[in-house]
Amino acid sequence: MSGFVFSEKPIEIASGDGVYLTDTNGTEYLDFGASYACTPVGHCHPEVVDAATSQLEELMYVQASYPHAARTALYERLADTAPVDVDNVWLCNSGTEANEAALKFARHATGREKIVATTQGFHGRTMGTLATTWKDKYKQGFGPLAGGVEFVEYGDAEAMREAVDEDTAAVILEPLQGEGGINPVSTEYLQAVRVATATSGAAMILDEIQTGLGRTGELWAADRHHVVPDVLTTAKGLGSGLPIGATLCRDWIAEDGGDHGSTFSGGPVVSAAAGATLDVIEREDLPAHAEEIGSYLRGELRDRLGDDVRDVRGDGLMVGIEVRRGSNRLLRDLAIDHRILALPAGRTVLRLLPPLTIEREHADAVVDAIAEVVG
C-alpha cells in the first residue's frame, strides 16, 4: 500500500531553512512556490518554531469552548489587523473550511440561497466550496454538488451588477486569482462588487486564502483596493505551514451565523504558531518588502523574457508568467537544471509564490533560470 497523494513529485524533501528546501540526497532548492504560499516568513523561522514548541510542551490541544491564551490572543490579533469592522473571528484548519464556513454564514444570515462566483475562481475542494470553483476538472466524479451557484465573468462589473439580486446570499471572489492563472482585477471592479452586494443585502466574501498576509504588498489585498468585505477568509501562510484557517466577519454575519463548529478549531499549538507568524510579518514589514521585491522581480522578468512569453502579471510576490508552451515541462527543467521550485497556475502559467523574505539575489537567480528554460 502507498500514500494516496495527488500529483506526487519525484523530490523527497528532508528539511527547510529560510527560502531553501533540502532533499534526502542533500540537494538544496530555492523555494519559489512556498507550498502554495504556506511559508511567508520562510521555512522553520526560529520564532515560529519556538512559539509552537513551547506551546507543545505545555498543552497540545483543548477544544475551542475552553478559552486558551494562545487562541484568544490570535482572535485579537486577527481582529486588529483586519479591515475595519471585520472583527469577528472563527478559526478552522484550512482554506476550504474557511470558505465553507463563509458560505454557510452568509446563507444563514441572509436567509437566501443563491451564491454568485466568478469564472476561473478557485475556493476549495469540499462539496460546498467546490460548487463555487470554476474549472470542471476539479468537479468531475463528485456531483451533484451544492446548488444555487451562478458564475459570472471575473472582472466584468456589469455582469456582476446584473447577477446580484434580492435572492443572492453572497458573492465569493478572490481579489487576485491564484489557481485560475494569477489574474488581477482593478480596484474599480472590486468596489463595484462591494456596491452591488451592499445594495442588494448580500454578503461580499473576499477569499484571501492566497493573497492575504502581505503577499500582494498590503497585509490584506482588501486594504490595497480600499474595499471592506462582509467576510474575509485566510489560511495558507497563517500558521507558517501548520494547518489553520480563519473566517473573519462583520457583526451582521457573525450575529446570525448559525450553528457551525469544528473539533480542531484554533488549537493552542497552531494558534501560537500563527501569532508568531503575524509578529514576524508585522515587525519586519514584510508586506512592504513583498511590494518592493515583487515589483523588481516582475520588472526584471519583463525585461529579460520580452516576447518569449505572453505576459508577466501579479501584485507583490504573487507573480504569474504566461508562457507559450506547457508550464509543467518548464517547471521540471527549473527544478532539475537550476534547483528552483515553482508552481503551475493552469497549463500555461508559471506561478511564483516565494517566502516574503526573499532578497534581490534570489530574484536575480530565478530570472536567470527562467530566461534559460523559456528561451
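Select Glu322 and Val349: in β17, Val349 is the bridge partner of Glu322. Keep in mind that this is a predicted model.

**Stop 1: the strands around Glu322**

Now show strand β14, residues 318–322, and strand β17, residues 349–352. These two pair in the antiparallel sense, over four bridges. Next, add strand β13, residues 311–315. Five bridges join β13 to β14, and these strands also run antiparallel. Which residue stands opposite Glu322 in β14? Select Asp311 to see it.

Follow the chain from β13 to β14. They form a hairpin, with two residues between them. Click Gly316 in the turn: its phi is positive, about 55 degrees.

Colour β14 by accessibility. The strand is mostly covered, with four of its five residues buried.

**Stop 2: Ile321 and the nonpolar core**

Stay on β14 and select Ile321. Which residues does Ile321 touch, not counting those up to four places away in sequence? Its contacts include Leu301, Leu305, Val309 and Val312. Thr348, Val349, Leu350, Leu352 and Ile370 are also among them, and so is Asp311.

Now widen the view. The largest nonpolar core has 80 residues. Leu301, Ile321 and Leu352 have the most contacts inside it. Colour domain 1 (13–43 + 287–374) and domain 2 (47–284). The core draws at least three residues from each of them. Another core, of 21 residues, lies apart from it. Pick out Ala169, Ile172, Val231 and Ile253, which are among its members. In soluble globular proteins, nonpolar side chains tend to be buried together.

**Stop 3: the annotated residues**

Select Gly95, Thr96, Phe122, Asp207, Glu208, Ile209, Gln210 and Thr263. An unreviewed UniProt entry gives these residues the feature "binding site". They are spread over 169 residues of sequence, and in space too, up to 25.3 Å between C-alpha atoms. Of these residues, Ile209 and Gln210 are included in the lining of the largest cavity.

Zoom in on Ile209. It lies in the loop between β10 (203–207) and α8 (221–224). Is Ile209 buried or exposed? Its relative accessibility is 11%, under the 20% cut-off, so Ile209 counts as buried. Beyond four places in sequence, Ile209 touches Gly95, Ala98, Asn99, Thr233, Thr234, Ala235 and Lys236.

Finish at Thr263. Its place is in the loop between α9 (251–254) and α10 (268–283). Thr263 has a relative accessible area of 56%, over the 50% cut-off, so Thr263 is exposed. Leave aside its neighbours within four places in sequence, and Thr263 is in contact with Tyr61 and Gln63.

Definitions and conventions:
Residues are numbered from 1 along each chain as its sequence is written. This is a predicted model: local features need pLDDT of at least 70, side-chain atom pairs count only at pLDDT 80 or more; totals for chains, interfaces and linings use all residues. Side-chain values use heavy atoms; hydrogens and water are left out. UniProt positions are given in the numbering used here, feature names are shortened, and annotations may be inferred rather than shown by experiment. On a 1 Å grid over the protein atoms alone, a cavity is a set of points where a 1.4 Å probe fits but cannot get out, and a pocket is an open set with protein on both sides within 12 Å along at least five of seven lines; lining residues have an atom within 4 Å of a point. Buried means under 20% relative accessible area, exposed over 50%, partly exposed in between (1.4 Å probe, protein chains only). Contact means heavy atoms within 4.5 Å. A nonpolar core is a set of buried Ala, Val, Leu, Ile, Met, Phe, Trp, Tyr and Cys residues joined through side-chain atoms within 4.5 Å. Domain bounds come from an automatic or database domain assignment. Two strands pair if DSSP finds at least two bridges between them.
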